[in-house]
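Thanks for coming, everyone. Have the structure open on your screen, and let's walk through it together.

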Amino acid sequence: MKFRGGRLVTAVLVVGLVAAVSGCKARAVDDGAGYPGDEPAYARTADVPERVEPDGVTVLVGDPRARVTVHLFEDPRCPYCRQFETSGGGPVLAKRVLTHEVKVEYTLASFLDGRLGGGGSKRAVNALRAALDAGKFAEYHTVLYLDQPAEEVDGFTDARLLELASEVDGLRTPSFDAAVRTMKYRHFVDASEASFAAAGHYGGHEGPGTPTAEVNGHRIPAEQSAILYQGDVFDQFLTNVIDDAA
């Protein structure tokens, strides 16, 4: 997991990060239908497209044509990920996805199981993959972070994951419940963790730490990661990147 460091709220930080991201516009996807223009915003998270990318491990949420891509590395047990998702940049990011301005890629890690004991991260990643099959990854992802147990408790049991799934309309089905109980997507869990581990090193461990964000291919450095926990600063950062990508 990643330590936040000092509070970085200066305009210099935002401008510097935007400058680093500039020139990476090739990450935008043109599928032949053109880029989003004045399309109405998605009414709710449930309406946002989501899929597994061709690499088999990256989960994409949002309009595939969005010019700005935010790639997140997260572990479901990580409390810093919870902070990002509930009171930092996560809610801002969700709004930008609704307006077609940003798409989000997720690499789901489970390294905290090995460090803390238990299997909650792996079970949660498996359940998230099962939710994706139902088109409810983003909704369930939100619920899991809102109700995240303390990392040392290993509270993401099968029973708890199913209980939380009941908060997402239509997610609880026999196929979803069976996927959770049998670890149907164990291969995905392992492959996703391997992808995370190959993405860099942090604190002497494999993997870049969580949460880590890349914007249009540019990784926000660990020493500047405090921007992720400040919703207003992260919002200004995204505004500048979106404007630059227009």
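Start at Pro211, in the loop between strand E6 (205–206) and strand E7 (212–215). This is a predicted model, so keep that in mind throughout. Is the peptide bond from Thr210 to Pro211 cis or trans? It is cis, with omega near -10 degrees. For background, most peptide bonds are trans, and most residues other than glycine have a negative phi.

That brings us to backbone angles. His100 has a positive phi of about 70 degrees, and it is not a glycine. Look for His100 in the loop between helix H3 (89–98) and strand E4 (102–108). Is His100 buried or exposed? Its relative accessibility is 9%, so it counts as buried.

Now go to Asn216. Asn216 also is not a glycine, yet its phi is positive, about 45 degrees. It sits in the loop between E7 and strand E8 (218–219). Asn216 counts as buried because its relative accessibility is 3%, and the cut-off for buried is under 20%.

Next, the largest pocket. It holds about 360 Å³ of space. Which residues are closest to its centre? Of the 20 that line it, they are Glu85, Gly90, Ala94, Ala138 and Thr142. The elements giving two or more residues to the lining are helix H2 (79–87), H3, E4 and helix H6 (137–146). You have met H3 and E4 already: the loop with His100 runs between them. By type, the lining has 13 nonpolar residues, five polar and two charged.

On to charges. Side chains of opposite charge can pair when their charged atoms come close. How many salt bridges does a search of the whole structure find? It finds 13.

Take Glu53 and Arg51. Their closest N and O atoms are 2.8 Å apart. Glu53 counts as buried, at 17% relative accessibility. Arg51 is at 39%, so it counts as partly exposed.

Now Arg129 and Asp133. Their salt bridge has its closest N and O atoms 2.8 Å apart. Both residues lie in helix H5 (residues 120–133), four residues apart, about one turn of the helix. Arg129 counts as buried, at 15% relative accessibility.

Helix H7 (residues 158–165) holds Glu163 and Arg160, three residues apart, again about one turn. Their side chains meet in a salt bridge, 3.0 Å from N to O. Glu163 is partly exposed at 46%, and Arg160 is partly exposed at 26%.

Last stop: a network. Salt bridges link Arg77, Asp113, Arg123 and Asp154.

Key: Residues are numbered from 1 along each chain as its sequence is written. This is a predicted model: local features need pLDDT of at least 70, side-chain atom pairs count only at pLDDT 80 or more; totals for chains, interfaces and linings use all residues. Side-chain values use heavy atoms; hydrogens and water are left out. Buried means under 20% relative accessible area, exposed over 50%, partly exposed in between (1.4 Å probe, protein chains only). On a 1 Å grid over the protein atoms alone, a cavity is a set of points where a 1.4 Å probe fits but cannot get out, and a pocket is an open set with protein on both sides within 12 Å along at least five of seven lines; lining residues have an atom within 4 Å of a point. Grid points are joined across faces, edges and corners, and a volume is the space filled by probe spheres set on the points. Ala, Val, Leu, Ile, Met, Phe, Trp, Tyr, Cys and Pro count as nonpolar, Asp, Glu, Lys and Arg as charged, and the others, Gly among them, as polar. A salt bridge is a side-chain nitrogen of Lys or Arg within 4 Å of a carboxyl oxygen of Asp or Glu.
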